[in-house]
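Work through the three exercises below with the structure at hand, and try each task before reading its solution.

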Amino acid sequence: MKIPEQPRGLIETIRTAATNLVKKVQRLIRPEKKIQKEVIINAETLETRVAVTEDGKLEEFNIERTTEERLVGSIFKGKVRNLEDGLKAAFVDIGFEKNAFLHYWDIVPNQFDSGVEIVEREGRRRDKPKITQKDIPRLYPPGADIIVQVTKGPIGTKGPRVTTNIVLPGRFLVLLPNSDQSGISRKIENPEERKRLKKILRELHIPDGMGVIMRTAGEGQQLRYFVRDLALLLEEWNSVSDKIKKQPMATCVFQEPDLIERTVRDFLTEDVERIVVDNQRAHDRMREMITKISKRSASKIKLYTEAQPVFDRFNVSKQLENTFSRQVHLKSGGYIVIDETEALVAIDVNTGRHKGGKDQEALILKVNLEAAEEICRQLRLRNMGGLIVLDFIDMKSGRDRQQVHNRMRDGLRRDKAKTHILPISQLGLMEMTRQRHSESVRAAVYDDCPYCKGRGKVKSSLTMSVEIQRKLQEILKKRTRDENDFQLRIVVHPTVLERLRTEDEKHLIEMEKRYFGKLSFRADTGMHAEQFKIVNVETNEELANVGA
């Protein structure tokens, strides 16, 4: 419920009353469609999964293994190991095998990004000496202590990335212990509400040298909720400060809360109707956490006790199958193909069964617009980051291309990760980047296939037949001619043997005649499809073992 600011003067009173009346009339004429938003939590011994659904459709998905350390968001008391001037970076020991990477611009106090509007607080500005990148070697030489927070977990061969610009997120506020700047999220769009929240922010008693950012969840909240949230955050920071003083180097002084706690902090907004959780301990813990912030919201936590798994009951499991599928079908009949590679994510849009028709341009636009919405959703669900290239179906009209670009931009607004998007190029490609905090869901859930070594393909039986014949020719050519037949046994996978016995049999007979050899073949089901073995029958000597 939004709390209106007290109007000042007669004109403002009339203006406020008129605005409220217009809103009521608009709601009567065209009622706003209420979206049923639910959070479904499956908490198990080794894994916790959180799904956010809107009218039953899966919109957000998070997964966390209870055995893995939560790095992103955690704060460490580190030691500078070495400075690399060429990279403009420091390497910091935080107690892991690989040193953390700290770029110089993550040491210099940074300004807010475009998603936050700065709010000036009276009497709170302190003229701190400005640190530049030139000062870093002097301030943080090798061996110096440094307090850092992990912004990106280790991905592949890279170590974690860290910053000295510490943030502590709360329910409605984010505390900035090392910055005296304050701001408000630009995702709160209502000008009246922004004005009211700025007034509340200026009334908060924030310690000198610290700042806060008002989160989107703060929209419509009263002053007392912000005061309570700030008190909890300051208490937490005092605890972190004590640990910094007492704990040795390369240790964790604050661990990012687990997925259950982050769900309460980040997902329980006013528009969430209920949170359904299938674990009694997790249910009790969530109620206890929420009661500290808002007793009214505690009633939204529901315990699920039915025998049917909670993700099956709310149709999440079926929708998750798409999350790991390479091909995602669209309602219009088109589909998108998603490929994650080391360098980038490639997404291709296809019309599918609709190949032509009278109004082909309108159909292409329809498929592209639908694909744009689905791509934004899939990026969130799969947690894909880095460079992303989208290959939409070619559109002749510049207006159509702009429409698709606008749809992508609007769809990415709800994404918590930072994104940057470019217009569709002359080649029909759209390039974008998405902030990568941790590994994608696919990388977290799947290992590379040991059979194909992550390629997703194996050599065909024709290719294997060619390779075997090539190797046989090499062996037969090398041997010295004598009266005796040279007998070879070739052991192969059953599918390759089928090819050798049928289509390629005549080539093998010709080879036997040409080189005076005798070839016998045997299938081995335990062999890899790309493996074969050639043995001298007389001496039992292994002459070749390829693909082992």
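**Exercise 1.** In this predicted model, determine how α9 and α10 are oriented relative to each other.

*Solution.* Begin with the geometry: helix α9, residues 360-382, and helix α10, residues 398-411, pack with their axes 9 Å apart and at an angle of about 20°. Since angles under 35 degrees count as roughly parallel, the two helices α9 and α10 are therefore roughly parallel to each other. The crossing of α9 and α10 is right-handed. Next, look at the residues that meet, among them Leu365, Leu369 and Ile375 in α9, and Val404, Arg407 and Met408 in α10. Sorted by character, the residues of this contact of α9 with α10 comprise 7 nonpolar, 3 polar and 5 charged.

**Exercise 2.** Decide whether glutamate 530 is buried or exposed, and find what surrounds this residue.

*Solution.* First locate glutamate 530 in the loop that runs between β24 (517-523) and β25 (532-536). Its relative accessible area is 15%, and because buried means under 20%, glutamate 530 is buried. Beyond its neighbours within four places in sequence, glutamate 530 is in contact with residues including Arg455, Met464 and Val546. A polar atom of the glutamate 530 side chain also lies 2.8 Å from the backbone nitrogen of lysine 459.

**Exercise 3.** Establish where asparagine 540 lies and describe its phi.

*Solution.* Asparagine 540 belongs to the loop between β25 and β26 (542-546). Although asparagine 540 is not a glycine, its phi is positive, at about 60°. With a relative accessibility of 56%, asparagine 540 counts as exposed.

Note on methods. Residues numbered from 1 in each chain as written. Predicted model: local features only at pLDDT ≥ 70, side-chain atom pairs only at ≥ 80, totals over all residues. Heavy atoms only, no water. Helix = DSSP H or I, 4+ residues; strand = E, 2+ residues; numbered from the N terminus. Buried < 20%, exposed > 50% of the residue type's maximum accessible area, 1.4 Å probe, protein only. Polar contact = N/O pair within 3.5 Å; in protein donor to acceptor, adjacent residues only side chain to side chain. Contact = heavy atoms within 4.5 Å. Axes fitted to C-alpha atoms, helices over the stretch in contact; angles between N-to-C directions. Parallel < 35°, antiparallel > 145°, perpendicular 65-115°, else oblique. Left-handed = near helix turned anticlockwise from the far one by under 90°. Nonpolar A, V, L, I, M, F, W, Y, C, P; charged D, E, K, R; others polar.
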